[in-house]
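Trainee: I should like to go through this structure and ask what lies behind the terms used for it.
Mentor: Please proceed.

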Amino acid sequence: MKWFINLGANTLNRLEMFGRATFMLFGAIVAKPQPLKMIPLTIKQIHVVGVQSLLIIVVSGLFIGMVMALQGYTILVDYGAEGSLGPMVALSLLRELGPVVTALLFAGRAGSALTAEIGLMKATEQLSSLEMMAVDPLRRVIAPRLWAGIISMPMLALIFSAVGILGGHLVGVDWLGVDSGSYWSIMQATVDWNKDVVNGIIKSIVFAFVITWIATFKGYDSIPTSEGISKATTETVVFSSLAVLGLDFILTALMFGIE
Amino acid sequence: MKSKKAELLVGVFVALTIAAGLMLALNVANQSMASSEDSYILYAKFDNIGGLKVRSAVKVGGVTVGRVDNITLSNSDFTPLVTMSISTEFNQFPETSSVSILTSGLLGEQYIGFQPGFAIDGVENLAQGDYIEDTKSALVLEDLIGQFLFSSNDG
């Protein structure tokens with residue numbers, strides 16, 4: 001009996017949380033747009049969320065590309081197919097690793113910071129004071145951060161893939177001696193703009209939306225104590241990482257599973 | 001001043017993204033040879049298409065002139081029907097042309113080798129919707145081994 005009560009309460013809590021999250025999203029995004037006020041705020045947030053994540057994205061992209069070239073080369077060279085190194089690196093980066101690894105890094109680097117920032121704003125009653133001054137905190141605080149996240153993460157994913165392909169070139173061509181011409185030309189013959197690149201961008205837009213939504217909501221909904229904020233930050237990283245991995249499987253199945 | 005710096009850095013960020021996107025478009029995906037170009041459709045029936053896939057290349061002497069658009073089974077005679085879209089840049093192929101399914105390298109992927117025929121008087125050029133009559137099927141390794149065993153047992 002107790003078990004059922006727990007299950008019911010749990011489900012209701014989840015649903016309520018989902019409802020609050022949706023209300024927050026609508027309040028922040030659907031409300032009457034004010035581009036003159038929104039754009040400067042959003043640019044500032046893109047700086048915080050996107051530009052400051054650039055270093056970790058570039059460095060990890062470079063190393064992931066290099067490691068893939070190294071690992072791929074040792075296997076492909078046995079079959080004399082080291083010319084296929086280019087498409088291997090490019091396709092894995094564009095289709096999977098670019099969007100997914102960027103999303104995971106983004107959740108850890110920017111998502112957690114968003115949650116902690118908004119949570120602390122709530123704990124120090126800055127959000128309430130905004131409301132006292134008749135400024136809607138959803139529009140003033142949440143909306144720019146949401147937009148900034150949704151805009152900057154796909155950009156980061158593109159940069160990640162490009163840098164990773166250059167890293168693969170660095171190891172594969174300059175170090176291990178794969179022919180530079182075949183690295184690029186077989187890659188060009190294999191990679192399709194619509195099927196591979198655009199699908200990767202669509203993936204990263206979906207991930208960006210989910211991560212920033214979770215991050216801003218967890219901050220906005222956190223219990224305004226130091227413990228509550230730490231719990232919210234942890235939940236942001238855990239939930240958004242799981243959501244990204246789960247969604248990635250679904251999106252991959254939809255995009256590449258059925259010919 | 002602080003916000004000017006932020007704007008500058010965001011500008012650099014956007015420029016980097018555009019550079020990455022351009023690199024992916026031109027260098028990686030080779031967007032310039034995309035299917036958005038004007039193209040016309042040709043059909044060909046094969047006995048066996050082997051490992052041919054949609055989007056496989058159609059090549060004349062190694063130069064890609066088009067791509068495989070669609071592969072279906074013809075309902076009337078149960079043979080595979082391959083739809084190819086050829087760039088209109090190359091629209092001077094005579095009707096006597098032939099197509100065969102070839103493999104790039106020993107383990108490479110399969111593509112359609114397009115062999116332009118002779119242009120004699122009275123032979124028209126291939127146009128939108130034409131069927132190419134002269135086709136050679138894919139080489140299936142198992143068939144080849146079977147034939148080899150058969151012929152070596154004979155002798």
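Trainee: How far apart do the C-alpha centres of domain 1 and domain 2 of chain B lie?
Mentor: The C-alpha centres of these two domains lie 40 Å apart in what is a predicted model, where local features need pLDDT of at least 70, side-chain atom pairs count only at pLDDT 80 or more, and totals for chains, interfaces and linings use all residues. Residues are numbered from 1 along each chain as its sequence is written, and chains are lettered from A and ligands numbered from 1 in the order in which they are written.

Trainee: What makes these two regions of chain B domains?
Mentor: The bounds, 2-31 for domain 1 and 35-147 for domain 2, come from an automatic or database domain assignment.

Trainee: Why is the reach of helix H9 of chain A called close to the expected one?
Mentor: The expected span is 1.5 Å times one less than the number of residues. H9(A), residues 226-257, has 32 residues, for which 46 Å is expected, and reaches 45 Å from its first C-alpha to its last. Helices (H or I, at least four residues) and strands (E, at least two) are DSSP runs, numbered from the N terminus.

Trainee: What makes strands S5 and S6 of chain B a pair?
Mentor: Pairing requires at least two bridges found by DSSP. S5(B) and S6(B) have 6 bridges, in the antiparallel sense, so they qualify under that rule. With S8(B), S5(B) runs parallel over 3 bridges. Val99(B) has Phe114(B) as its bridge partner in S6(B) and stands opposite Thr135(B) in S8(B).
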